[in-house]
Amino acid sequence: MASTSLTSNSYLINNLSHDFSFRRDPIFNNESNIILTISCKKNIIVAWKDISHLEAIGNYTMFHFTDGKKLLVSRTMKIFLPKLDDEMFVRIHKSFIVNLNYIAQFDVREEMFVQLRDGSKISISRRKKKDFIEKARRYFSNFRIN
């Protein structure tokens with residue numbers, strides 16, 4: 001198995017219990033926060049807007065946050081997609097889900113990529129292009145997308 005090097009601003013969370021959940025935060029009673037339940041005893045409260053993108057790394061998912069921190073979770077990205085805010089997050093590649101609010105620019109004609117505010121450039125796969133364009137049109141309704 002290939003090893004993944006973690007930087008000092010990364011967190012590794014392994015062996016998640018079967019009661020793993022990803023849900024809206026009932027404490028704040030609004031839709032801007034979520035709770036990432038790590039186990040029966042450990043929760044992480046995260047705002048949707050603070051997640052820039054998710055990256056699949058084998059059977060792990062790396063959460064990338066807007067402040068540059070990362071969180072590696074021992075679950076596949078497929079588990080998170082239906083639990084994320086459908087209007088804000090879109091899968092653009094087999095290995096990437098991006099927060100539309102964190103996109104600085106994108107090109108769907110020639111190079112087919114999104115560039116995030118932190119400078120990361122991620123390719124849009126041919127199969128995900130149509131879904132990305134539809135969600136981007138809804139999200140950026142005041143912009144023209146061809």
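Me: In what order do the 3 strands of the open sheet run?
Reply: The model is a predicted one. In it, 3 strands form an open sheet with antiparallel pairing. The order of these strands is 10-11-12.

Me: Which are the edge strands of this sheet?
Reply: An edge strand here pairs on one side only. That condition is met by two strands, one spanning 103-107 and the other 121-123. The edge strands are therefore strand 10 and strand 12.

Me: By what angle are neighbouring strands of this sheet turned against each other on average?
Reply: The angle is an average over neighbouring strands of the sheet. Direction is ignored in this value. The average turn is 20°.

Me: Over how many bridges do strand 11 and strand 12 pair?
Reply: Strand 11 covers residues 113-116 and pairs with strand 12 in the antiparallel sense. Two strands count as paired if there are at least two bridges between them. For strand 11 and strand 12, the number of bridges is 3.

Me: Which residue in strand 12 is the bridge partner of Gln115?
Reply: Strand 11 comprises residues 113-116. The bridge from Gln115 leads to a residue in strand 12. That partner is Lys121.

Me: How many helices and strands are there in the chain?
Reply: From the N terminus, the elements run β-β-β-β-β-β-β-α-β-β-β-β-β-α. The chain thus ends its series of elements on a helix. The totals are 2 helices and 12 strands.

Me: What percentage of the residues in the chain is buried?
Reply: The chain has 146 residues. A residue counts as buried under 20% relative accessible area. The buried share is 42%.

How values were computed:
Residues numbered from 1 in each chain as written. Predicted model: local features only at pLDDT ≥ 70, side-chain atom pairs only at ≥ 80, totals over all residues. Heavy atoms only, no water. Helix = DSSP H or I, 4+ residues; strand = E, 2+ residues; numbered from the N terminus. Axes fitted to C-alpha atoms, helices over the stretch in contact; angles between N-to-C directions. Buried < 20%, exposed > 50% of the residue type's maximum accessible area, 1.4 Å probe, protein only.
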